[in-house]
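Q: I have a model open and would like to go through its architecture with you. Could we start with the overall picture and then turn to particular helices?

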Amino acid sequence: MIRFNDILDKIYSYFPDADTSLVEKAYVYSAKVHAGQKRLSGAPYLTHPVAVAYILAELRLDNASIAAGLLHDTVEDTLATIEEVEEIFGKDVAQIVDGVTKLSKIQFHSKIYKQAENIRKMILAMSKDIRVLLVKLADRLHNMRTLEYQREDRRIKIARETMDIYAPLAGRLGIDKIKVELEDLAFRYLYPQEYQDLCKKVEDRLGERKAYVEEVKGLIAKKMAEFGISCNVTGRPKHLYGIFRKMHSRDVSLDQIYDLIAFRILVKTPKECYEALGIVHSLWKQVPGRFKDYISLPKTNMYQSLHTTVIGPYGERMEIQIRTEEMDKVANEGIAAHWLYKEGKIITREQAHQFDWLHQLMEWQRELEDPREFLESVKMDLFPDEVYVFTPRGEVKEFPRGATPIDFAYAIHSDVGHHCSGARINGQMVPLKQELKNGDVVEIITSEQHVPSRDWLKFVKTSRARARIRQWIRTREREKSLVLGKELCIREFKRHRLNFNELMKTKGPEIARIFSFKTPKDMLLAVGYGKISPSHIVRKMIRLEQPEGAESSEKTEIKAQSHGDVKGEKGILIHGLGDVMIHLGRCCSPIPDDEVIGYITKGRGVTIHREDCINVRNLDPERQVEVTWDPVEGATYPVKIRVISADQKGMLAAVSNAISAEEANILKARVSITPDYNAIFNFTIEVKDRKHLSKVLSNVRRIEGIIHVSRLFS
């Protein structure tokens, strides 16, 4: 357990003359306001802010940051106020604490709204002071280290958010040691079986290859010494999640991952980096296309290094990284390695380009109101792998791997993207879905007659392109829906021999208010989208001319029909719609306790999707309706699961019996065998809710020989 004196010792190790009175005062205050509080583990709550402050001290941060680490939960979890924190500790510390504090006292429509708004607040705060993010990362790291004390559903939710948001943020700041630990911890809880299996296999394999690692290190050191280069050579395994990701992206087993160990050569100067590279290539044959120079073209998070892959002494591939000791420090600590706040300075103008990604996040938090779009854009902008391409004028543009000429066009200007009709890469015409590669020179061809296609959403990679395409499509669909809504109402008004234009002018605003719309135009849009029937509007128009008592009765009737909470036979409450058909999305098979969203489909009623369904991202937010579960007693819901096991006799029967033992019915089963003699069982089963499903999966996992059990969403 970390003690407060450990924090002070760490501060003095990098700042011997530090005045730690602010940190000491923050510790006393935190201990006072958190007195009597316990963590889920049973430990005193104070152990958490102390651990967070120590992580910040390990990053060699300033006193204000470390004090904020000690105080980061005081406003959220105690009676302390941000005004009191500012009065005692100053504006600097108070702003950091306020930026880290979640919006816990505000009520939101759903969990995804709450998550989106908390991320928005953090982005706004860290755009003013990047220390907000550093404290938040330290907070998340310690929470992940103690995640085992949370209940299972909370563990999975927190681990998923960590993998999607916080680990990439650490990567963007270049703090590799935090990014790697966050990824491995999230991996442990998101894929527990795979994590345990991979841990054991990697440990066994590293034990076998210990002599090999020492041999390679000796060969490199000896050769460098011959050329008069002083260096430090290390050989260490890649982190578990990196190995897991590589296995899945290449669809290979661990035995087929040859560069399991990365060798690192640390030298004194950039000049020696290139000399060392030449020596390595003289020792072993280089693998073509596997060399990257991040020294002459650093990553946006300040990372610099030479990467090469060679055929090692026993015919196996080896990855070797070459950099200076200063570059290695930056690779591990990122922005913290160049921390300037301790001298009271701000980030220099030369360093400003390192935060271009943050400016993009700021743009999305201002422009995107829909929480799903906003969170998706954040995740896309944090995508770690980049490619660098050139404009015809020689300007460098950075994109996520897999980006296309459409992404390039929207990066230039929205109008260029909207009217992109073709592209040349290195002088050759290419399809618009062609992936960009490092060093490509890209030229965009435009035409006023060309407009965005919904198909572009299938292959664009940048959040800017995706948001601009959606915005254009949404504007056109909005125009069409307004015309359609007006046409449907005119037709219905004519059927009742009513003058549409005259009545909408005189009674339209009043009726719109009754149906909870701001303007008659919004009401017509809702008709076009299928959210309200034109017959409801007509009936209200007629009743408005009747005596007050009749009007009151009809008003109640219509409001119930159009904006009540209607429960469907699927156990779904639909908020704000009349009686409609309900379908559960086959793409994601939602079940009770899943976070869900409804989508109005013309002629088919409302389709229910999981909020994280991949298909929801391309749906028009205007057609989305709020829905919640209100399960019907005895109802069951289909869900797909996958079981991977060793191919052995009786396994299908054992898995089927385990499913049936938890009173789940098997609707469909499909079995296949992989080349490495594993059996894959794909089942469609019926369950009552997520708790029931969890029991089924846990029961299957207990079977000897089971490798992996998971729910499928497609």
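**Overall fold and helix packing**

A: Among contacts in the protein between residues at least 6 apart in sequence, 66% join residues at least 24 apart. Please note that this is a predicted model.

Q: How many helices and strands does the protein have?

A: The protein contains 28 helices and 22 strands.

Q: And what percentage of the residues count as buried?

A: Of its 714 residues, 51% are classed as buried.

Q: Let us go to the N-terminal part. At what angle do α1 and α3 pack?

A: Helix α1 (residues 4-14) packs against helix α3 (residues 47-58) at an angle of about 10°, and their axes are 9 Å apart. That angle makes α1 roughly parallel to α3. The crossing of these two helices, α1 and α3, is left-handed.

Q: Which residues of α1 and α3 meet there?

A: From α1, the residues are Phe 4, Asp 6, Ile 7, Lys 10, Ile 11 and Tyr 14; they meet Val 50, Ala 53, Tyr 54, Ala 57 and Glu 58 of α3. Sorted by class, this contact of α1 with α3 has eight nonpolar, no polar and three charged residues.

Q: What about α6 and α7: how close do their axes come?

A: The axes of helix α6 (residues 82-89) and helix α7 (residues 91-100) come within 7 Å, crossing at roughly 150°. The helices α6 and α7 are therefore roughly antiparallel to each other. Here α6 passes α7 in a right-handed crossing.

Q: Which side chains are involved, by residue name, in α6 and α7?

A: In α6, Ile 82, Val 85, Glu 86 and Phe 89 take part, meeting Lys 91, Val 93, Ala 94, Val 97 and Asp 98 in α7. The contact of α6 with α7 has six nonpolar, no polar and three charged residues.

Q: Moving further along, how are α21 and α24 arranged, and how far apart are their axes?

A: Helix α21 (residues 463-495) and helix α24 (residues 520-529) pack at an angle of about 90°, with 7 Å between their axes. They are therefore roughly perpendicular to each other, α21 against α24. On the α21 side the contact includes Glu 477, Arg 478 and Cys 489, and on the α24 side it includes Lys 521, Asp 522 and Tyr 529. The residues of this contact of α21 with α24 divide into eight nonpolar, three polar and five charged.

Q: Is Cys 489 buried or exposed?

A: Cys 489 counts as buried because its relative accessibility is 0%. Cys 420 is also buried, at 0% relative accessibility.

Q: How many disulfides does the structure hold?

A: The structure holds zero disulfides.

Q: Why is α19 described as largely enclosed?

A: Six of the eight residues of helix α19 (residues 405-412) are buried, so the rest of the structure largely encloses it. The buried residues of α19 are Pro 405, Ile 406, Asp 407, Phe 408, Ala 409 and Tyr 410.

Q: One last residue: where is Ile 279 found?

A: Ile 279 is found in helix α15 (residues 270-283). The residue Ile 279 is buried, with a relative accessible area of 7%.

Q: Which residues is Ile 279 in contact with, leaving aside its neighbours within four places in sequence?

A: With those neighbours left aside, Ile 279 is in contact with Lys 223, Met 224, Phe 227 and Ile 229. Ile 279 and Met 224 are 55 residues apart along the chain, and their C-alpha atoms are separated by 7.2 Å.

Notes
Residues numbered from 1 in each chain as written. Predicted model: local features only at pLDDT ≥ 70, side-chain atom pairs only at ≥ 80, totals over all residues. Heavy atoms only, no water. Axes fitted to C-alpha atoms, helices over the stretch in contact; angles between N-to-C directions. Helix = DSSP H or I, 4+ residues; strand = E, 2+ residues; numbered from the N terminus. Parallel < 35°, antiparallel > 145°, perpendicular 65-115°, else oblique. Left-handed = near helix turned anticlockwise from the far one by under 90°. Contact = heavy atoms within 4.5 Å. Nonpolar A, V, L, I, M, F, W, Y, C, P; charged D, E, K, R; others polar. Disulfide = S-S within 2.5 Å. Buried < 20%, exposed > 50% of the residue type's maximum accessible area, 1.4 Å probe, protein only.
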